[in-house]
Amino acid sequence: MHYPEMWGIVKFTTKRVGSADVSYVPDAAESARWGLFQVYYAETNQKMAHGQYESEWSALTFWHDIQVPGFAFPEKIEATANLFRATISSADGKTTLWITQDGRLTRQDK
């Protein structure tokens with residue numbers, strides 16, 4: 001309940017249940033979104049352990065290897081003692097996502 005990034009995805013359709021097969025096409029940025037939340041968790045742990053956020057990817061400890069197909073990852077992380085922003089962009093440059101220390105994820109499509 002307290003991890004909205006872990007909630008499921010709801011698909012709405014106008015088709016009657018059981019009358020037709022409704023396929024789901026996942027958003028290509030979904031893996032990027034999850035990758036950024038892993039950065040958020042790593043930065044939160046960093047802040048709790050060391051009193052400040054980290055701007056070097058190599059200094060962060062991740063749960064597991066982050067795979068973000070179609071995105072440059074890691075791209076950029078900016079940090080001060082009390083703030084951070086991690087940013088990644090799609091390989092085609094059309095989508096940019098970033099996450100901040102409060103867990104707010106933002107997506108910008110060009």
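**Contacts and burial in a predicted chain**

Reader: With which residues is Ile99 in contact, leaving aside its neighbours within four places in sequence?

Author: Once those neighbours are set aside, Ile99 is in contact with Leu36, Phe37, Tyr40, Phe84, Arg85, Ala86, Arg104 and Leu105. The model is predicted, and contact here means that heavy atoms lie within 4.5 Å.

Reader: Why is Ile99 called buried?

Author: The word applies to a relative accessible area under 20%. Ile99 has a value of 0%, and therefore it is buried. This residue has its place in strand 3. Its C-alpha atom is 15 Å from that of Tyr3, a residue 96 places away along the chain.

Reader: What makes Phe37 count as buried?

Author: The cut-off is again 20%. The relative accessibility of Phe37 is 7%, so Phe37 counts as buried. Phe37 is part of helix 1, and its contacts, without neighbours up to four places off in sequence, are Glu5, Ile99, Gly103 and Leu105. Arg104 stands 67 residues from Phe37 along the chain, yet their C-alpha atoms are separated by 9.5 Å.

Reader: How do you know that Ile77 is buried?

Author: Its relative accessibility is 10%, which is under the 20% limit, and therefore Ile77 counts as buried. Ile77 belongs to strand 1. Residues up to four places away in sequence aside, it touches Val39, Glu43, Glu54, Ser55, Glu56, Trp57, Leu60, Arg85 and Ala86. Val39 and Glu43 are themselves among the buried residues of helix 1. Leu36, another buried residue of helix 1, is 41 residues from Ile77 in sequence and 11 Å from it in space, C-alpha to C-alpha.

Reader: Which residues of helix 1 are buried, and against which strands do they pack?

Author: The buried residues are Ala32, Gly35, Leu36, Phe37, Gln38, Val39, Tyr40, Tyr41, Ala42, Glu43 and Gln46. They pack against strand 1 (71-79), strand 2 (84-90), strand 3 (95-100) and strand 4 (105-109).

Reader: How do you know that the span of helix 1 is close to the one expected?

Author: Helix 1 covers residues 30-50, which is 21 residues, and its first and last C-alpha atoms are 30 Å apart. At 1.5 Å a residue the expected span is also 30 Å, and the two values agree closely. Just after the helix, Gly51 takes a positive phi of about 80°.

Reader: What is the order of the elements from the N terminus on?

Author: The protein chain holds 1 helix and 4 strands, and their order is α-β-β-β-β.

Reader: How do you know that the radius of gyration of the protein chain is not that of a compact globule of 110 residues?

Author: Such a globule would have a radius of gyration near 13 Å, whereas the protein chain has 17 Å. The C-alpha atoms fill a box of roughly 55 × 35 × 25 Å along the principal axes.

Reader: What share of the protein chain is buried, and what share of its accessible surface belongs to carbon and sulfur atoms?

Author: Buried residues make up 31% of the 110 residues. The accessible surface is about 7700 Å², and carbon and sulfur atoms account for 53% of that area.

Reader: How many of the contacts between residues at least 6 apart in sequence join residues at least 24 apart?

Author: The share is 42%. One contact already described, between Ile99 and Phe37, links a residue of strand 3 with a residue of helix 1.

Conventions. Residues numbered from 1 in each chain as written. Predicted model: local features only at pLDDT ≥ 70, side-chain atom pairs only at ≥ 80, totals over all residues. Heavy atoms only, no water. Helix = DSSP H or I, 4+ residues; strand = E, 2+ residues; numbered from the N terminus. Expected span 1.5 Å × (residues − 1). Buried < 20%, exposed > 50% of the residue type's maximum accessible area, 1.4 Å probe, protein only. Rg over C-alpha atoms; globule rule 2.2 N^0.38 Å. Areas by Shrake-Rupley, 256 points an atom, 1.4 Å probe, with all protein chains shown as cover.
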